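Here's a quick tour for anyone opening this entry fresh. Take a look at the picture, then read on.

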Amino acid sequence: MNSPLLELPGAVPAPEDSPDFGVPWHFGDPFGEQRAAARGAAIVDRSHRQVIAVPGGERLSWLHLVLSQHLTELAEDRGTEALVLDNQGRVDSHMMVAHHDEVVYLDCEAGSRATSALPTMGTDGTQSLPEYLEAMRFWSDVQPREATEEFAVFTVIGPRAGEVLEESGVTVPAEPYGVSGLPGGGLVRHVPFRQIFTVDLLVPRDSMVDWWMRLTGNGARRTGSMTYEALRVEALRPRVGLDTDDRAIPHELGWIHTAAHVAKGCYRGQETVAKVHNVGKPPRRMLLLHLDGSVEIRPETGDPVLHGERTVGRVGSVVLHHELGPVALALLKRSAPVDEELLAGDAEQERQVAAAVDPESVPPDTGEPPGRIAAQRVRGH
């Protein structure tokens, strides 16, 4: 559904082929909007995200079995992140989680899907996320429902975001993933976004314009999805469908612990999660690429990354950042060099450019996994 905020003066819609179609792309000054988010306060309309509500007396124990995160003890007014994985531990869907007023809210990419619980479902082997959750309900005391028409997602971001929210009558949770109620219904969730203060608001959809006007009136710069995407890429936050492919596992994307619990067991794909964490290392890792800014061409999502003649990775999200210039997230093989020039893009389509790995995006070497060390000790004896 298209956002009513597209009717505001200056709103430029996201392209039809964009995953952000349906919300404002920008409001006429993309770089100015990014600077406002990085240095002041900005609001982003992300109402195209899907929202699923899960009430019921067994909501936590049931979600604990269905999702990758440890949820049995998720307190009221707390949140987290979670995944739906397939049987091989590959990422199907990612979601933000908020537990408020005896309901767990999941917000995720529009049209999120999961590998079918039943082999007959879906011609491509998948089903919509609400269908998957319903198929997994069985006799549990839960009533998952599609709630996208009830709630819309806004994100308020920037070092002054807390001031703007407080002036707007919003109680901001102090701790990461903290949740509190909004006056008039809905909730606010504090989101860890590296060093940029960020909160998500789930506002009643029929109050979208009112909330937008209240927050912008109190100092939040109106911005589009281009701003959020640029800051998301800078913060190394992956997005399903852009930074994942059909082989991506949580370890490659920085989602271990954040969205996938390594020890709880009893969820689909957990064997892969535990095995790679304890015994092996992921075959790829998500890194930030700086792209050659002297040319106007850009690689596209899904294009290869090469070292010489060898394909060493896959391009994910590509953005133009107000300070970094053209940058992209990419899944690179562990064997790919991080201190040599790479090429990103499809040469046959004439969109290949030089690329360099941002050294700060390279995760530190934590040594051998604990399970492998234990195995080596056993063999040593």
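What follows starts with the whole protein and then turns to a run of paired strands.

## The big picture

First things first: this is a predicted model. The protein contains 8 helices and 21 strands. Its radius of gyration is 21 Å, close to the 21 Å that the globule rule gives for 381 residues, so the protein is as compact as a globular protein of that length. Lay the C-alpha trace along its principal axes and you get a span of about 65 × 60 × 40 Å.

## Inside and outside

Of the 381 residues, 54% count as buried. Among contacts with a separation of 6 or more, 66% come from residues 24 or more positions apart.

As for the outside, about 17000 Å² is exposed, with carbon and sulfur atoms supplying 50% of that area. The protein carries 36 positive and 55 negative side chains, and the centres of these two sets sit 5 Å apart.

## Strands β17, β18 and β19

Now for some detail. Strand β17 covers residues 304–307 and strand β18 covers residues 310–321; the two pair in the antiparallel sense over 4 bridges. One bridge links H307 with R310 of β18. The β17–β18 hairpin has 2 residues between its strands, and there G308 takes a positive phi near 65 degrees.

β18 also pairs with strand β19 (residues 325–333), again in the antiparallel sense, this time over 7 bridges. Which residue of β19 is the bridge partner of V315? That would be A330. The hairpin joining β18 to β19 runs through 3 residues.

Conventions
Residues numbered from 1 in each chain as written. Predicted model: local features only at pLDDT ≥ 70, side-chain atom pairs only at ≥ 80, totals over all residues. Heavy atoms only, no water. Pairing = 2+ DSSP bridges. Rg over C-alpha atoms; globule rule 2.2 N^0.38 Å. Buried < 20%, exposed > 50% of the residue type's maximum accessible area, 1.4 Å probe, protein only. Contact = heavy atoms within 4.5 Å. Areas by Shrake-Rupley, 256 points an atom, 1.4 Å probe, with all protein chains shown as cover. Lys, Arg positive; Asp, Glu negative; His and termini not counted. Charge placed at Lys NZ, Arg CZ, Asp CG, Glu CD.
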